[in-house]
Every structure is written in C-alpha cells, then in structure tokens.
Amino acid sequence: MGRALELARRARDLGEVPVGAVVVREGEELGSGFNHRETSGSPLAHAELEAISNSRARVGGWRFEGCEMVVTLEPCAMCAGALVNARFAGLIFGAADPKAGFCGSLGDLVRDTRLNHRLTVREGVLARECGALLSEFFSDLRRRR
C-alpha cells in the first residue's frame, strides 16, 4: 500500500484525484498506475485500469490469476468489473468510497455470487492515510474555487 500511496501523491501533484494502484503477484510488483483523467481527457484513466494495462505484458495475457490489486481507494463499478473480468485473485484497498465504491459500499461486484468469478477482499489497509490524502485534495480544491 505504501507504493500505491506514493503513486496517489504523484496524481495529486498533477492536479488529479489522488488514487494509486499496484498489481502484485507473489510479492512482486508487475505494474502500477494512478488517476489521470484530467490530464489525459479520458474517463477510463482510473488508477486500477492503468495498473492493469501497465502490467498486462508481464502477466502474459488477460487473465490475472494469482494477482492482487492494491489500491488506495475502493474501486468504482467500472474498475470492480475489470477486476472480476480479468480474474484477479484478490483486492486490497485503503479508504472506502461511500459515494462510488462498488466493493462493499454501494454494491459488491467483486464478491457477487451470481458472477462466475469472485475476489478475496481486504479493506481498510492504511485507510487513515489514504483517506487523509483524498480529504486534503478535495479541501484544497474547494478553497481554490
């Protein structure tokens, strides 16, 4: 999670919502990403999707079996769906997202028994640090407006 926080700070420094993500398999980082929707102009430029894209070659295909996604904020429905479809084994996230999170907050796509694949989930890892980074970012943004 420390590496994901480092990436989230990088996003913040670019004026992006500070979310960082890392794909890990057996303790090894395979790829990473951070939010950059504003700078890229793409609604798909979420940290999780960037991390998936940046680690695909090292994984060797689209199946991320045995991999875990480590991310500073609970994934949204789009990213949760990507994790399920990519066959991730697990998800580790920091701060819960009561407004958009789909891994326990608004819904629970990654553990939905109706789907053909489910992930193990560990939530709240360094939640205070992850949440503080987001709170500070949005507080600063409101002050500038």
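Of the 44 residues in the largest nonpolar core, which touch the most other members? In this predicted model, the answer is a set of seven names: Val23, Ile52, Phe64, Met69, Phe88, Leu91 and Val110. Quite a few elements chip in to build this core. Those giving two or more residues to it are the helices H1, H3 (47-59), H4 (77-85) and H5, along with the strands E1, E2 (28-34), E3 (67-73) and E4 (90-95). Ile52 gives a feel for how these pieces meet. Leaving aside neighbours within four places in sequence, Ile52 is in contact with Val23, Phe64, Met69, Ala82, Leu83 and Phe88.

Ile52 also turns up where two of the helices come together. H3 and H4 pack with their axes 9 Å apart, at an angle of about 30 degrees. That angle is under the 35 degrees used as the cut-off, so H3 and H4 count as roughly parallel. On the H3 side the meeting residues are Glu48, Leu49 and Ile52, and on the H4 side they are Met78, Cys79, Ala82 and Leu83. Sorted by class, this contact of H3 with H4 holds six nonpolar residues, one charged residue and no polar ones.

H4 deserves a closer look. Its buried residues are Cys79, Ala80, Gly81, Ala82, Leu83 and Val84. What lies over them includes H3, E3 and E4. After H4 comes Arg87, and its phi is positive, near 65 degrees.

The cysteines around H4 raise a natural question: how many disulfides does the structure hold? The count is zero. A disulfide is a covalent bond between the sulfur atoms of two cysteines. For Cys76, the nearest cysteine sulfur is that of Cys79, 3.8 Å away, and Cys76 is in no disulfide. Seen from the other side, the closest cysteine sulfur to that of Cys79 is in Cys76, and the 3.8 Å between them is too far for a bond; the cut-off for a disulfide is 2.5 Å. Both cysteines are buried, though their values are not alike: Cys76 has a relative accessibility of 18%, while Cys79 has a relative accessible area of 0%.

A second helix pair involves H1 (residues 2-13) and H5 (residues 127-144). Their axes are 11 Å apart and they pack at an angle of about 5 degrees, so H1 and H5 are roughly parallel to each other. H1 brings Leu5, Ala8, Arg9 and Arg12 to the contact, and H5 brings Glu129, Cys130, Leu133 and Phe137. The contact of H1 with H5 comes out as five nonpolar and three charged residues, with no polar ones.

Phe137 has another partner in Val17, which sits in the loop between H1 and strand E1 (20-25). Setting aside neighbours within four places in sequence, Val17 is in contact with Ala11, Asn35, Leu134, Phe137 and Phe138. Is Val17 buried, partly exposed or exposed? Its relative accessibility is 22%, so Val17 counts as partly exposed. Val17 and Arg122 are 105 residues apart in sequence, and their C-alpha atoms are 22 Å apart in space.

The loops hold a few oddities of backbone geometry. Most residues other than glycine have a negative phi. Glu26, although not a glycine, has a positive phi of about 50 degrees. Glu26 is placed in the loop between E1 and E2, and at 82% relative accessibility it counts as exposed. Leu126 also has a positive phi, near 50 degrees, and is likewise a residue other than glycine. The spot for Leu126 is the loop between strand E5 (120-123) and H5. With a relative accessibility of 36%, Leu126 counts as partly exposed.

One more loop residue rounds out the picture. Where is Lys99? Lys99 lies in the loop between E4 and E5. With a relative accessible area of 76%, Lys99 is exposed. Lys99 and Glu65 are 34 residues apart in sequence, and from C-alpha to C-alpha they are 29 Å apart in space.

How values were computed. Residues numbered from 1 in each chain as written. Predicted model: local features only at pLDDT ≥ 70, side-chain atom pairs only at ≥ 80, totals over all residues. Heavy atoms only, no water. Axes fitted to C-alpha atoms, helices over the stretch in contact; angles between N-to-C directions. Helix = DSSP H or I, 4+ residues; strand = E, 2+ residues; numbered from the N terminus. Parallel < 35°, antiparallel > 145°, perpendicular 65-115°, else oblique. Contact = heavy atoms within 4.5 Å. Nonpolar A, V, L, I, M, F, W, Y, C, P; charged D, E, K, R; others polar. Buried < 20%, exposed > 50% of the residue type's maximum accessible area, 1.4 Å probe, protein only. Core = buried A, V, L, I, M, F, W, Y, C linked by side-chain atoms within 4.5 Å.
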